[in-house]
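Here are my notes on the structure, set out as numbered points. Please read them with the coordinates open.

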Amino acid sequence: MRGLLAVAVLSIGGCSASGNSGVPLDGTNGALTGLDVSGASQAQEAEISDGKVSEDEYRSAFQRYRDCLSSAGYELKDVVFSNLVYEYGVPNAAVENGIDTECYSTELRFTDMLWQSSDAVQNESSSAQVLRDCLENHGIEPAEGMREMEEQLVSSGIELSQCLG
């Protein structure tokens with residue numbers, strides 16, 4: 001799985017960047033605030049233009065990323081969709097020559113960032129499960145969302161370290 005790293009955008013065939021940064025970065029895009037999205041493809045810009053990403057948009061962006069790599073001669077390994085995110089392996093050669101970075105930046109990076117920071121994904125994460133289990137172990141019915149569960153811990157005086165040990 002990818003982190004939220006800033007990466008350079010290069011140019012190769014099969015992956016086109018629009019060069020247009022029509023996405024407002026005035027704080028309305030949360031995870032993207034202050035980032036230069038000018039290297040994003042037009043499709044990715046459309047997905048992030050409203051500051052949120054649907055599962056269908058995330059899946060489409062992932063497929064474009066995969067197609068971009070494929071058109072450059074590389075195939076992802078062990079692709080699994082789990083807890084609302086894709087997990088996969090990238091061929092070393094694609095990483096070493098920059099194709100992975102280019103395809104990811106152009107087709108998936110910003111969509112991925114918004115999707116993985118969304119409530120839907122956060123609430124399905126292993127971190128959310130740790131909080132659920134911790135609250136239940138303390139006799140508290142867990143709230144639905146990650147943020148609400150964090151508030152439950154604080155209001156109950158439970159330290160996060162108590163949940164991890």
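1. I begin with the interior of what is a predicted model. The largest nonpolar core has 27 residues, and within this core the residues with the most contacts are Y65, L69, Y88 and L108. Helix 2, strand 2, helix 4 and helix 5 are the elements that give two or more residues to this core, and helix 2 gives the most, with 6 residues.

2. A second core, of 9 residues, lies apart from the one just described, and among its members are C134, M146, M149 and I158.

3. L69, one of the residues with the most contacts inside the largest core, touches Y74, L76, A94, I99, D100 and C103 when residues up to four places away in sequence are left out of the count.

4. Helix 2 deserves a point of its own. The helix comprises the 17 residues 55-71, and because a rise of 1.5 Å a residue should give a span of 24 Å, the distance of 24 Å between its end C-alpha atoms agrees with expectation. Its buried residues are Y58, A61, F62, R64, Y65, C68 and L69; seen down the helix axis they fall within an arc of 155°, so they line one face of the helix. The cover over these buried residues includes helix 1 (42-48), strand 1 (77-82) and strand 2 (85-89), and also helix 3 (92-96), helix 4 (99-107) and helix 5 (109-116). After helix 2 comes G73, whose phi is positive, near 95°.

5. What aromatic pairs does a search of the whole structure find? The search returns 9 of them. In one, the ring centres of Y58 and W115 are 5.6 Å apart and the planes are at 20°, so the pair is stacked, the cut-off for stacking being under 30 degrees. This pair links distant parts of the chain, since Y58 belongs to helix 2 and W115 to helix 5, 57 residues apart. Y58 has a relative accessible area of 1% and W115 one of 4%, so both partners fall under the 20% limit and count as buried.

6. F62 and Y88 form another aromatic pair, tilted in this case, with 5.3 Å from centre to centre and 55° between the planes. Here too the pair links distant parts of the chain, F62 lying in helix 2 and Y88 in strand 2, 26 residues apart. F62 is buried at a relative accessible area of 1%, while Y88 counts as buried at 16%.

7. The ring pairs can also be read together: they link Y58, F62, Y65, F81, Y86, Y88, Y104 and W115 into a cluster. Y65 and Y88, which belong to this cluster, are also among the residues with the most contacts inside the largest core.

8. Finally, some values for the protein chain as a whole. The chain holds 9 helices and 2 strands, and from the N terminus on its elements run α-α-β-β-α-α-α-α-α-α-α. Of its 165 residues, 39% count as buried. Among contacts with a separation of 6 or more, residues 24 or more positions apart account for 57%. The protein chain exposes about 8,700 Å², of which carbon and sulfur atoms supply 47%.

Definitions and conventions. Residues are numbered from 1 along each chain as its sequence is written. This is a predicted model: local features need pLDDT of at least 70, side-chain atom pairs count only at pLDDT 80 or more; totals for chains, interfaces and linings use all residues. Side-chain values use heavy atoms; hydrogens and water are left out. Helices (H or I, at least four residues) and strands (E, at least two) are DSSP runs, numbered from the N terminus. The expected span of a helix is 1.5 Å times one less than its number of residues. Buried means under 20% relative accessible area, exposed over 50%, partly exposed in between (1.4 Å probe, protein chains only). The arc is that of the directions from the helix axis to the C-beta atoms. Contact means heavy atoms within 4.5 Å. Accessible areas come from the Shrake-Rupley method with a 1.4 Å probe; for residues, only the protein chains shown count as cover. A nonpolar core is a set of buried Ala, Val, Leu, Ile, Met, Phe, Trp, Tyr and Cys residues joined through side-chain atoms within 4.5 Å. Rings of Phe, Tyr and Trp (its six-membered ring) pair if their centres lie within 6.5 Å; planes under 30 degrees apart count as stacked, over 60 as edge-to-face and the rest as tilted.
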